[in-house]
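Biologist: I am new to reading models like this one, and I would like a close look at a single part, the pocket. Please take your time and explain each term as you go.

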Amino acid sequence: MNFIETKLKGCFIIEPTLFADDRGYFFESFNEERFNKGIGTNVEFVQDNQSFSQQGVIRAIHYQLGEYAQAKLVRVLHGTVIDVAVDLRKSSPTYGQHVAIELSGENKRQLFIPRGFGHGFSVVSETAEFFYKCDNYYNKESEGGIIFNDSTLEIDWKVDSDQIKVSEKDLILPTLNKARL
């Protein structure tokens, strides 16, 4: 595995070592020892989640607060997404900045998003199956979010405006400067 730290400290792109031949391919998608060494800290994942979405879907920037904050390791099993991590750590020199990484079933890249970040994605293929590991359990009272089209974040979701599909819940999220952090 190759670990590439993004411009946001603690947020890593992870590229697997792929073994392919005429039968297909094999790769190790997760190894706790290698993973923790690669990111330089110990993370213990406790929950796996999977979603299926159609082209044009944008899942806005979501996060968990306080003791329920979550780190995530995300990847795409099928299709292609633009995956976005936003630094919400107020003491960070990159507070309010984001990275947008193409993850696909083809490139098999993963993104590690540490606690203190928001996370969202858009689907740029016909459909996408999205898989992620979390290091803490979901808690509804601790959930927060930022609207996908916040002008201060300037995220390019790579979806034409007439194709955007956003949930009603995500359409009423606040901007970064009004978000509960």
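Modeller: Let us begin with the words for the building blocks: helices (H or I, at least four residues) and strands (E, at least two) are DSSP runs, numbered from the N terminus. This is a predicted model, in which local features need pLDDT of at least 70 and side-chain atom pairs count only at pLDDT 80 or more, while totals for chains, interfaces and linings use all residues. Residues are numbered from 1 along each chain as its sequence is written, and side-chain values use heavy atoms, with hydrogens and water left out.

Now for empty space. Rolling a probe the size of a water molecule over the atoms shows where such space is left. On a 1 Å grid over the protein atoms alone, a pocket is an open set of points with protein on both sides within 12 Å along at least five of seven lines, whereas a cavity is a set where a 1.4 Å probe fits but cannot get out; lining residues have an atom within 4 Å of a point. Grid points are joined across faces, edges and corners, and a volume is the space filled by probe spheres set on the points.

Your pocket is the largest one, with a volume of about 460 Å³. Its lining consists of 23 residues, and Arg59, His62, Lys72, Tyr132 and Glu143 are those nearest the centre. At least two lining residues come from each of β5, β6, β11, β12 (127–134), β13 (143–146) and α2 (168–171). The largest share belongs to β6, which gives six residues. To sort the lining by class, count Ala, Val, Leu, Ile, Met, Phe, Trp, Tyr, Cys and Pro as nonpolar, Asp, Glu, Lys and Arg as charged, and the others, Gly among them, as polar. The pocket lining then has eight nonpolar, ten polar and five charged residues.

There is a closed space to compare with it. Searching the whole structure gives one cavity of 30 Å³ or more, and the largest cavity has a volume of about 80 Å³. Its lining includes His62 and Lys72, and these two residues are also among those nearest the centre of the largest pocket. β6 (58–64) and β11 (117–123) each give the cavity lining at least two residues. By class, that lining has five nonpolar, six polar and one charged residues.

Next, the strand β12, which helps to line the pocket. Lysine 133 has its charged end over the ring of phenylalanine 30, 5.3 Å from the ring centre; the rule is that NZ of Lys or CZ of Arg is within 6 Å of the ring centre and within 35 degrees of the ring normal. Phe30 is part of one aromatic cluster with Phe3, Phe35, Phe45 and Phe112. Rings of Phe, Tyr and Trp (its six-membered ring) pair if their centres lie within 6.5 Å, and planes under 30 degrees apart count as stacked, over 60 as edge-to-face and the rest as tilted. The structure has eight aromatic pairs. One of them is a stacked pair of tyrosine 25 and phenylalanine 27, with 5.9 Å between centres and 25° between planes. Phenylalanine 35 and phenylalanine 45 make a tilted pair, 5.6 Å centre to centre with 55° between the planes. This second pair links distant parts of the chain, ten residues apart: phenylalanine 35 is in helix α1 (residues 32–39) and phenylalanine 45 is in the loop between α1 and β5 (47–54).

How much of a residue can be reached from outside has its own scale: buried means under 20% relative accessible area, exposed over 50%, and partly exposed in between (1.4 Å probe, protein chains only). Phenylalanine 35 and phenylalanine 45 are both buried. Tyrosine 25 counts as exposed because its relative accessibility is 52%, while phenylalanine 27 is buried at 15%.

Finally, the cysteines. A disulfide is a covalent bond between the sulfur atoms of two cysteines, and here it is taken as a pair of cysteine sulfur atoms within 2.5 Å. The structure has zero disulfides. Cysteine 11 is in none, and its nearest cysteine sulfur, that of cysteine 134, is 14 Å away. Cysteine 11 is buried, with a relative accessible area of 0%, and cysteine 134 is buried too, at 1%.
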